[in-house]
Amino acid sequence: MSAKKNMILISLIIGFTFTSIAQPIEISVSGTPTFEPSLIRISEAGNDFTNNTIESSTQSFISISAINFWDRLSKQFGYRVTAYKTDINMHPSLILEIKRGSNRHGHFNKSRIYHGRNWQPVTNTPVYFFSGSAPTYNIPVSYRIRNISVLIPADDFETTVIFTVYEN
Amino acid sequence: MNMDLYNKYLKTSVVLLLIAMHFAAYAQSDGQADVLFSIPEVALIDIEPSGFGIELSLAAKSGGGLPVEPVVSSGGKIWLNYTSSLATGSNTRSVSVQIINGKVPSGIILLLQASADAGNGRGKAGIPAGRVYVSTSPQVIISGIGRCYTGNGPNYGHQLSYSLMISDYAELDFDESSTLQIAYTITDN
């Protein structure tokens, strides 16, 4: 084998080693949070909405897995998930909060998840949500909206929550 | 291997290494969830205390030649509460009053005045129109209502004060009495 081929081979080995160390992981989100319109009501004239905080009646589900087959098979990777939102139509007084549930399905029961069990606001800049290790599927995420009031313009509001997973 | 060839291979290796590190640096992935919800428009109005009637009468002063005086003999303190939620760009709302059942006795005018908002709620409450004649056609008593809630119950919102005015003594009939049903309506402007 020529010296040139040797160098290229070495480079590729180094390259694959780096990408292997990187252990690319992916996140997928399924399900859509639903807010029941009946939650936003007024008991009597003169009052504000009865509930100024409403919680979604349905959840979305996050799954974390490794792209690489061998990483998927092993549990040898850690990750952290951040969350932020991009507003399509959102009022600045409204606060969107999320929290995760615990009844996820791990990979051979070896997965671990830390943090994210308490309500936390989602802003337009990424903030840490939770972390974990090993592939984990269907982590439930609940949503709630705070500060609902008749003082906020009546409208259909929409925002997108973006979850990003990083390797640890 | 001469130095030129070595340098060339080294450069190739560095480029491949950087490409690998580039992929490594982008070892992240995104997922998203759409969040949709609605805040409805609301226009609610109420009179407090509920089911409370007001009795108005005319009383003659002692002594001949003196005028009769309208008297509010019971009630007199009723309060108008409301909640108003408006869409972006919507106009304000107003409250009007009208007689929907009954007839004001001859020679008398029924008047209504709303006070300023008591200030126990939040938001942009309406502005009283002053004293208005109450008739079978709607008369605005409060206008400029934005997004607000006045608070619920007596002493919240606007106090409503009814009074009588004699328009024609010749038409007065002291044996005549009348029960009126009055409706309050909140409307978009």
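Strands here are DSSP runs of at least two residues, numbered from the N terminus. With that in hand, N155(B) is easy to place: this residue belongs to the loop between β12 (148–149) and β13 (158–166) of chain B. Please keep in mind along the way that this is a predicted model.

**Loops worth a visit**

Let us stay with N155(B) for a moment. Its phi is near 75°, a positive value in a residue other than glycine. Because its relative accessible area is 48%, N155(B) is partly exposed. Chain A offers a similar stop at N147(A), in the loop between β10 and β11 of that chain. N147(A) is not a glycine either, yet has a positive phi of about 70°. With a relative accessibility of 36%, N147(A) counts as partly exposed.

Another loop of chain B, between β2 (42–48) and β3 (55–60), holds P49(B). The peptide bond joining E48(B) and P49(B) is cis, with omega at about -5°.

A87(B) sits in the loop between β5 (78–85) and β6 (93–101) of chain B. Is A87(B) buried or exposed? Its relative accessibility is 16%, so A87(B) counts as buried. Leaving aside residues up to four places away in sequence, A87(B) touches P153(A) and A154(A) from chain A, along with E41(B) and R147(B) from chain B. E41(B) is 46 residues away from A87(B) along the chain, but their C-alpha atoms are separated by 6.4 Å.

**A sheet built from both chains**

Now to the strands. An open sheet is formed by 5 strands in the order β7(A)-β9(A)-β4(A)-β11(A)-β1(B), with antiparallel pairing. Its edges are β7 (112–114) of chain A and β1 of chain B, each of which pairs on one side only. On average, neighbouring strands of this sheet are turned by 25° against each other, direction ignored. Within the sheet, 10 bridges join β4(A) to β11(A). D87(A) stands opposite T159(A), which is in β11(A).

**The nonpolar cores**

The largest nonpolar core has 39 residues, and those with the most contacts inside it are Y79(A), Y143(A) and F163(A). Several strands of chain A each supply at least two residues of this core, among them β4 (78–89), β10 (136–146) and β11 (155–167), and β1 (28–39) of chain B does so too. A second, separate core has 27 residues, including Y82(B), I108(B), A114(B) and I186(B).

**Aromatic rings**

Over all chains, the count comes to 5 aromatic pairs. Two of the pairs are set out here.

| Pair | Arrangement | Centre to centre | Angle between planes |
|---|---|---|---|
| F35(A) and F37(B) | edge-to-face | 5.9 Å | 65° |
| F129(A) and F130(A) | edge-to-face | 5.0 Å | 65° |

The pair of F35(A) and F37(B) crosses between chains: F35(A) is in the loop between β1 and β2 (54–55) of chain A, while F37(B) is in strand β1 of chain B. F35(A) counts as buried because its relative accessibility is 8%. F37(B), at 4% relative accessibility, counts as buried too.

F129(A) and F130(A) are both buried. Which residues do ring pairs link into a cluster? They are Y79(A), F129(A), F130(A) and F163(A). Y79(A) and F163(A) also appeared above among the residues with the most contacts inside the largest nonpolar core. Finally, R100(A) lies over the face of F130(A), at 5.9 Å from the ring centre.

How values were computed. Residues are numbered from 1 along each chain as its sequence is written. Chains are lettered from A and ligands numbered from 1 in the order in which they are written. This is a predicted model: local features need pLDDT of at least 70, side-chain atom pairs count only at pLDDT 80 or more; totals for chains, interfaces and linings use all residues. Side-chain values use heavy atoms; hydrogens and water are left out. A nonpolar core is a set of buried Ala, Val, Leu, Ile, Met, Phe, Trp, Tyr and Cys residues joined through side-chain atoms within 4.5 Å. Buried means under 20% relative accessible area, exposed over 50%, partly exposed in between (1.4 Å probe, protein chains only). Helices (H or I, at least four residues) and strands (E, at least two) are DSSP runs, numbered from the N terminus. Two strands pair if DSSP finds at least two bridges between them. Axes are lines fitted to C-alpha atoms, for helices over the stretch in contact, and angles run from 0 to 180 degrees between N-to-C directions. Contact means heavy atoms within 4.5 Å. Rings of Phe, Tyr and Trp (its six-membered ring) pair if their centres lie within 6.5 Å; planes under 30 degrees apart count as stacked, over 60 as edge-to-face and the rest as tilted. A charge sits over a ring if NZ of Lys or CZ of Arg is within 6 Å of the ring centre and within 35 degrees of the ring normal.
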